[in-house]
Amino acid sequence: MVVATGKSILNRIGIGKIKIYKAPTYDIYEGIVEDPAAEVKRFEEALQKAIDQQGVLYEKAKKDAGEESAGIFEAHQLMLEDEDLQDSTKEIITEQKRSAEYAVKTAFDNYAQMFAEMDDPYMKARSADLIDVETDVLDFLMGNDASSMQGTEPAILVAEDLAPSETVKLDKSLLLGMITREGSSNSHTAILARSMNLPSLIQVKDIDDSWDGKMAILDGYNSCVYIDPTPDLMATLKAKYDADLKKDALLQELKGKSSTTIDGRSVHVYANIGGPADLGSVNENDAEGVGLFRSEFVYLNSKDEPTEEQQFAAYKRVVETLAPKLVIIRTCDIGADKTIDYMNLDKEENPALGFRAIRICLTRKEFFKKQLRALLRASAYGNMGIMFPMIISKWELVEAKAIMEECKQELIKEGHKVGKFQVGIMIETPASVFVADELAEEVDFFSLGTNDLTQYTCAIDRQNAKLERFSDTHHPAVLRAIKMTVDAGHRHGAWVGICGELGADPTLTETFLRMGVDELSVNAKSVLPLRKIIRSVDLSKATEWSPDEV
Ligand code: PEP
Ligand code: MG
């Protein structure tokens, strides 16, 4: 038995075989090949797999985001079935004696270039689609496809590191746990792991390729993984695993009950989500609404920038399904660790302090307007809030609201319905805490993004694993910033919630309640455990603790 230690993201146990995940590579052999016939066969097999994949993606997208959004995969399928394109690729293999990868890259790139040079904007835009399907065929040729990288059986995935853009593409139904050599506990990948209730370890320095296919137990309680565990250990940890499932079942009894303290103070416990695919877990965990819909995951899940119609379909689906519950959708918070190729963002020295979130939206107005139009149209279908991220100055908020108003007037003129909605901002920088009084005059609510607030207040890069020792999630500076924000919001009639990871920290629930926090938005799996704690708190009981002394 081998034991390797790391840092645990969740107190859960995962049992299953290890699958080593490899990041995709695109190193293409450009030399002459000896057996062109074999290369043609490889091309045909990869092509067929890519065609079949479009069908699967079509069905998935139809379920998650509606027929209109799914249409893109039908178009991709037709492109792959194009006989001229297939013949050109095969010609390069047979006549120039090149590898299937080289031929695909050359032929598909040529076609993409042809489209890019056309005058018709619709045809021009097909160029990007060709590059997409080219990547799909290359992925199958080079073993970068999901089934090679993630496998087809449920497994504990082991990787060097996982970016949010990779994590969102994983098939969640095949994940029994996640282990990475790198990573930090406040990264978006860790946040995703928590939201899936997935036992996960980061910073496991001793991971090894030889683990592939071996039986393992990921013990989140003791921050370690056992490879080839002894039968005794397996029996002990399997009993603990079963006990966790029993605890989950007991929490089900809290469904339908209110999140109210013994002395009668009610708080809203909402869920954080990344898109319509998370609707199931909002309902299963009886969240009272959605306090943070990270809309950038709609962008991360898409190969091209999602159109207004595609976004509208996704937002409408969530808002309509959950109505009359409140759904707060945060406008696109891209940048820093959440990068997207089609956004063509420059590489920066300090991306966390760089061109991101509202800064991109206020600079790329047409991009922002597309999202705002989709949001405003979706507002007619339920109870919605629109929230702007990374606001540091009042003028940004005023400008964002003015663009939103411009969109609203355009939509009304075009005959669209726009519903009522709340407007709020994330408080996630010290600057916004210090000017919270001015900002509060402009909004209905504040939502504290404690992940970034901690990063910027303590100058601790949330992505940097080396800084974990210096990082203190309960740092008094952060707790005081939360209290200052709650007070400022309340002074101006704005309600104040927390949507960062700290909101789910059970050791702080009573503190937040005593500070006057109105809402906690947490990963869906934490809703019922949090409700249990809230129902056990008695705020009328005297305490040594004073909210002014955090
Ligand atoms: C936060 O910063 O706390 C937050 C909720 O936003 P994100 O984690 O997506 O940056
Ligand atoms: Mg943030």
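Visitor: Let's start with Thr509: is this residue buried or exposed?

Guide: Burial is judged by relative accessible area, and under 20% counts as buried. In this predicted model, Thr509 has a relative accessible area of 0%, so this residue is buried. Thr509 belongs to helix 20, which spans residues 509–515.

Visitor: Which backbone oxygen lies 3.3 Å from a polar atom of the Thr509 side chain?

Guide: That of Pro506.

Visitor: Now Arg126, please. Why does Arg126 count as buried?

Guide: The same cut-off settles it: buried means under 20%. Arg126 has 17% relative accessibility, and therefore counts as buried. You will find Arg126 in helix 5, residues 121–141.

Visitor: With which side chain does the side chain of Arg126 make a polar contact?

Guide: With the side chain of Asp129, at 2.7 Å. A general idea about helices is handy here. An α-helix has 3.6 residues a turn, so residues three or four places apart point the same way.

Visitor: Can we look at a whole helix next? How many residues of helix 8 are buried?

Guide: Seven of its eight residues are buried, so helix 8 is largely enclosed by the rest of the structure. The buried ones are His188, Thr189, Ala190, Ile191, Leu192, Ala193 and Arg194. Just after helix 8, look at the backbone of Asn197, where phi is positive, about 60°.

Visitor: On to the ligand. Where does ligand 1 sit?

Guide: Ligand 1 sits in the largest cavity. Three elements each give two or more residues to the shell around ligand 1: helix 8 (188–195), strand 10 (290–294) and helix 18 (450–458). Helix 18 gives the most, with three residues.

Visitor: Which residues come nearest to ligand 1?

Guide: There are 16 residues around ligand 1, and His188, Arg294, Arg330, Asn451 and Arg462 come nearest. By type, the shell holds seven charged, five polar and four nonpolar residues. His188 also links back to our earlier stop, as one of the buried residues of helix 8.

Visitor: Which polar side-chain atoms should I inspect around the ligand?

Guide: Try three places. An N or O atom in the Arg330 side chain is 2.8 Å from an oxygen atom of ligand 1. For the side chain of Asp452, an N or O atom is 3.0 Å from a ligand 1 oxygen. Lys338 has a polar side-chain atom 3.3 Å from an oxygen atom of ligand 1.

Visitor: How much of the accessible area of ligand 1 does the protein cover?

Guide: On its own, ligand 1 has 290 Å² of accessible area, and the protein covers 100% of that.

Methods:
Residues are numbered from 1 along each chain as its sequence is written. Chains are lettered from A and ligands numbered from 1 in the order in which they are written. This is a predicted model: local features need pLDDT of at least 70, side-chain atom pairs count only at pLDDT 80 or more; totals for chains, interfaces and linings use all residues. Side-chain values use heavy atoms; hydrogens and water are left out. A residue is near a molecule or strand if one of its heavy atoms lies within 4 Å of it. A polar contact is a pair of N or O atoms within 3.5 Å; within protein, one must be able to donate a hydrogen and the other to accept it, and residues adjacent in sequence count only if both atoms are side-chain atoms. Accessible areas come from the Shrake-Rupley method with a 1.4 Å probe; for residues, only the protein chains shown count as cover. On a 1 Å grid over the protein atoms alone, a cavity is a set of points where a 1.4 Å probe fits but cannot get out, and a pocket is an open set with protein on both sides within 12 Å along at least five of seven lines; lining residues have an atom within 4 Å of a point. A molecule sits in a cavity or pocket if more than half of its atoms lie within 2 Å of its grid points. Helices (H or I, at least four residues) and strands (E, at least two) are DSSP runs, numbered from the N terminus. Ala, Val, Leu, Ile, Met, Phe, Trp, Tyr, Cys and Pro count as nonpolar, Asp, Glu, Lys and Arg as charged, and the others, Gly among them, as polar. Buried means under 20% relative accessible area, exposed over 50%, partly exposed in between (1.4 Å probe, protein chains only).
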